[in-house]
Amino acid sequence: MSYKSDIEIAQATTMQHISAIAEKLGVDEKYLEQYGNYKAKIDYALMDDFEGKPDGKLILVTAKNPTPAGEGKSTTTVGLSDALRKIGKKAVVALREPSLGPVFGVKGGATGGGYAQVVPMEDINLHFTGDFHAIGAANNLLAAMLDNHIYWGNELQIDTRRITWKRAVDMNDRQLRFMTNGLGGKANGVPREDGFDIVVASEIMAVMCLASDLDDLKARLGRIIVGYTREDAPITAADLNAQGAMAALLKDALKPNLVQTLEGTPAILHLGPFANIAHGCNSVTATKMALKLGEYAITEAGFGADLGAEKFLNIKCRTAGLSPDAVVIVATVRALKYHGGMKVTELTTPNLDALEAGLPNLLRHVENVTKNFGLPAVVAINRFPTDTQEELALVEAKCRELGVNVALSEVWGKGGEGGEALAHEVVRLAEAAQKPAINFTYTDDAPIVKKLEAIVKTIYRGAAVALTPDAKKQAKQLEALGFGNLPICMAKTQSSFTDNKNIRCAPEGFTITVRNLKVSAGAGFIVALAGEIMTMPGLPKIPSAEAITVDNSGVISGLF
């Protein structure tokens, strides 16, 4: 059987004018800044005018540890929003924006899939409304002002060997990871080692996602640490008087973007930092706006629940005063079989033994959400044609042993209609009781090492945290500088509960090694690097970009 590609499905859809989508939300056109017929920014002034309006229900979509087989988390998120509309609920979906790096690399875009997509798919996956370009420009303005200050005498006595701020570009380009610049003589700057991050890894992306308004944005930008003096004193963007100009570049990017699903459900897309080195969620502004505009706001967190959901709850919700009414945990039978030891090439073959061996991975995420964080949850099985009834029944039985229901999700092939069973379960959970409070994994005033231990032992089920000598020194310095009360952002592989991407399923008793602790003072968290985490990815041997083209009429093909 042949299937239409995602881009073919998207291009065959007749989209509604963006003003009609805004009208569904009760958003007056005075708040809209239109980018053509199908995209618009929503002015954040709307939040002031809607302040007295009660919030809707917040639904978080997360997943088990991702695998090469994929889980379909974004697809489920989009399809759930369509399904909720079909059963009579006023739903809004709030998603992250895609990065060009994965689009042209190996992962592809981030607009859902099949008949559960947000559109215009090509625009969203490419330049969209220019938010990422603005962040890259602000990032590089700060880098330029930093090096300019050093060139003109270095009044702040910045140690050029201890500069932590990198330049940024929204592309996978391993050639830029490490470089030497300022060469060519005195007139061309001060020679030093430097490098590039991908834009989604820039602290400015995380700052934008957590800022509540322009004043908060300027304050957070000013707190960004770009390096240190030889006396270990931090140098900030405010020391360079850079925060005002950076905010000027970012003022429009701070406004969330309004688009639509294939079925005309309003979708708010806004920003999105890496989930393994940052907190991996869309902006606080977008989430809060969705809560004001809909009865149900459906949002997602990056990668599996050990990274995305943990940070959504311990960082984003703690910072913004949010709490989900229900959590959806996405899984696939084939990915569970992968965690049970099967090869990627074998996953379409029925195998109850491998499925049962891989189920502990899913069940640990379920237990983390329901018992450790104290939130109601449902498992959504993103169904594939190769799944057997016996396999589906086994997943359902094991989840019910933990008191968690399972709902089949067939939104990829059926759109909202294929998610109605999931939608009914989400409504049942969200409306069954008063809004649950989050059991945070650690308290604000816990020492840095204790916070690390709490995440590793409670969420990952590891036995201990080992800090390298450098990391121990950094923990003491950060606490001495007054950053000890900040939440922790664990930077580790998304493929495993451990810091080793090759260890599957649900291991216990392991040690997580933290080799570096770095404060993101503007974003307001401490990044703990465990394992090798790339902040500038490279392209694969055959990148997705090789299949992307455009014809003479401007129609793009090859995107997925």
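Is Tyr-151 buried, partly exposed or exposed, and what is its relative accessible area? In this predicted model, Tyr-151 comes out as partly exposed, with a relative accessible area of 32%. Its ring partner is Trp-152, which is exposed at 66%. The two ring centres sit 5.1 Å apart with the planes at 90°, so this pair counts as edge-to-face.

**Aromatic pairs**

The count of aromatic pairs comes to 2. Besides Tyr-151 and Trp-152, there's Tyr-31 with Phe-50, also edge-to-face, at 6.4 Å centre to centre and 80° between the planes. This one ties together distant parts of the chain, 19 residues apart. Tyr-31 belongs to the loop between α2 (18-25) and β1 (32-34), while Phe-50 belongs to the loop between α3 (45-49) and β3 (57-63). Tyr-31 is buried at 7% relative accessible area, and Phe-50 counts as buried too, at 14% relative accessibility.

Here's how the accessibility values for these ring residues line up:

| Residue | Relative accessible area | Class |
|---|---|---|
| Tyr-31 | 7% | buried |
| Phe-50 | 14% | buried |
| Tyr-151 | 32% | partly exposed |
| Trp-152 | 66% | exposed |

**Charges over rings**

Two arginines are worth a look here. Arg-504 lies over the face of Tyr-338, at 3.8 Å from the ring centre. Arg-364 does likewise with Phe-497, at 4.9 Å from the ring centre.

**A buried lysine**

Next up is Lys-41, in strand β2 (residues 40-42). With a relative accessible area of 1%, which is under the 20% cut-off, Lys-41 is classed as buried. What does its side chain contact? The Lys-41 side chain makes a polar contact with the side chain of Asp-131 at 2.8 Å, and also reaches the backbone oxygen of Lys-255 at 2.6 Å.

**The second largest pocket**

Now for the second largest pocket, which has a volume of about 1600 Å³. Its lining takes in 48 residues, and the ones nearest its centre are Ile-163, Thr-164, Lys-166, Asn-516 and Lys-518. Several elements give two or more residues to that lining, among them β7 (158-163), α8 (203-210), β12 (225-229), β23 (516-520) and β24 (525-529). Which element gives the largest share of the lining? That's α19, with 6 residues; this helix spans 469-480. Sorted by class, the lining of this pocket has 23 nonpolar, 10 polar and 15 charged residues.

How values were computed:
Residues are numbered from 1 along each chain as its sequence is written. This is a predicted model: local features need pLDDT of at least 70, side-chain atom pairs count only at pLDDT 80 or more; totals for chains, interfaces and linings use all residues. Side-chain values use heavy atoms; hydrogens and water are left out. On a 1 Å grid over the protein atoms alone, a cavity is a set of points where a 1.4 Å probe fits but cannot get out, and a pocket is an open set with protein on both sides within 12 Å along at least five of seven lines; lining residues have an atom within 4 Å of a point. Grid points are joined across faces, edges and corners, and a volume is the space filled by probe spheres set on the points. Helices (H or I, at least four residues) and strands (E, at least two) are DSSP runs, numbered from the N terminus. Ala, Val, Leu, Ile, Met, Phe, Trp, Tyr, Cys and Pro count as nonpolar, Asp, Glu, Lys and Arg as charged, and the others, Gly among them, as polar. Rings of Phe, Tyr and Trp (its six-membered ring) pair if their centres lie within 6.5 Å; planes under 30 degrees apart count as stacked, over 60 as edge-to-face and the rest as tilted. Buried means under 20% relative accessible area, exposed over 50%, partly exposed in between (1.4 Å probe, protein chains only). A charge sits over a ring if NZ of Lys or CZ of Arg is within 6 Å of the ring centre and within 35 degrees of the ring normal. A polar contact is a pair of N or O atoms within 3.5 Å; within protein, one must be able to donate a hydrogen and the other to accept it, and residues adjacent in sequence count only if both atoms are side-chain atoms.
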